[in-house]
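Reader: I am a first-year student, and I would like a close look at a single part of this model. Please pick one residue, start there, and work outwards.

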Amino acid sequence: MFVVQKNEATSKTIRMPNALIEQLEEIAANEDISFNQLVVKARTPVTQIHPIIYRRLSMR
């Protein structure tokens with residue numbers, strides 16, 4: 001049987017510099033993914049860059 005998994009999601013508004021948004025939109029377009037997918041994918045490098053902070057946040 002085919003099962004569609006849905007991840008829980010929350011809409012969140014954040015402020016970023018316009019230049020950063022333009023860069024992220026360009027990367028997303030080049031990778032043929034959405035802006036949101038790019039942001040979600042960026043989570044992994046954050047956990048690798050600073051694992052101690054990530055562990056603290058994930059324990060909340």
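Author:

**Leucine 38 and its surroundings**

Leucine 38 sits in helix α2. The model is predicted, so every value here is computed from that prediction.

Is leucine 38 buried or exposed? Its relative accessibility is 14%. The cut-off for buried is under 20%, so leucine 38 counts as buried. Buried residues make up 7% of the 60 residues in the protein chain.

What touches leucine 38? Set aside the neighbours within four places in sequence. The contacts are then Leu24, Ile27, Ala28 and Ile33.

Take isoleucine 27 from that list. Isoleucine 27 lies in helix α1. Along the sequence, isoleucine 27 and leucine 38 are 11 residues apart. In space, their C-alpha atoms are 8.1 Å apart. Now try glutamate 25. Glutamate 25 and leucine 38 are 13 residues apart along the chain. Their C-alpha atoms are separated by 8.8 Å.

Isoleucine 27 has a relative accessibility of 40%. Partly exposed covers values between under 20% and over 50%, so isoleucine 27 counts as partly exposed.

Next, helix α1 itself. Helix α1 covers residues 18-31 and has 14 residues. From its first C-alpha to its last, helix α1 reaches 20 Å. That is close to the 20 Å expected at 1.5 Å a residue.

What comes just after α1? Aspartate 32 does. Aspartate 32 lies in the loop between α1 and α2. Its phi is near 55 degrees. That is a positive value in a residue other than glycine. Aspartate 32 has a relative accessible area of 71%. The cut-off for exposed is over 50%, so aspartate 32 is exposed.

Now go to the other side of α1 in sequence. Methionine 16 is in the segment before α1. Its relative accessible area is 21%, and methionine 16 is partly exposed. Leave aside its neighbours within four places in sequence. Methionine 16 is then in contact with Ile21, Leu24 and Phe35. Leu24 also appears among the contacts of leucine 38.

Methionine 16 also helps to line the largest pocket. Other lining residues include Ile21, Phe35, Val39 and Val40. About 420 Å³ of space lies in this pocket. Which helix gives the most to the lining? Helix α2 (residues 35-41) does, with four residues. By class, the lining has seven nonpolar, three polar and one charged residues.

Finally, step back to the whole protein chain. The chain has four helices and zero strands. From the N terminus on, the elements run α-α-α-α. The accessible surface comes to about 6,300 Å². Of that surface, 54% belongs to carbon and sulfur atoms.

Back to the starting point. Leucine 38 is a buried residue in helix α2. Its contacts include Ile27, which lies in helix α1. Helix α2 also gives four residues to the lining of the largest pocket.

How values were computed:
Residues numbered from 1 in each chain as written. Predicted model: local features only at pLDDT ≥ 70, side-chain atom pairs only at ≥ 80, totals over all residues. Heavy atoms only, no water. Helix = DSSP H or I, 4+ residues; strand = E, 2+ residues; numbered from the N terminus. Expected span 1.5 Å × (residues − 1). 1 Å grid on protein atoms, 1.4 Å probe; cavity = no way out; pocket = protein on both sides within 12 Å on 5 of 7 lines; lining within 4 Å. Points joined across faces, edges and corners; volume = space filled by probe spheres on them. Nonpolar A, V, L, I, M, F, W, Y, C, P; charged D, E, K, R; others polar. Buried < 20%, exposed > 50% of the residue type's maximum accessible area, 1.4 Å probe, protein only. Areas by Shrake-Rupley, 256 points an atom, 1.4 Å probe, with all protein chains shown as cover. Contact = heavy atoms within 4.5 Å.
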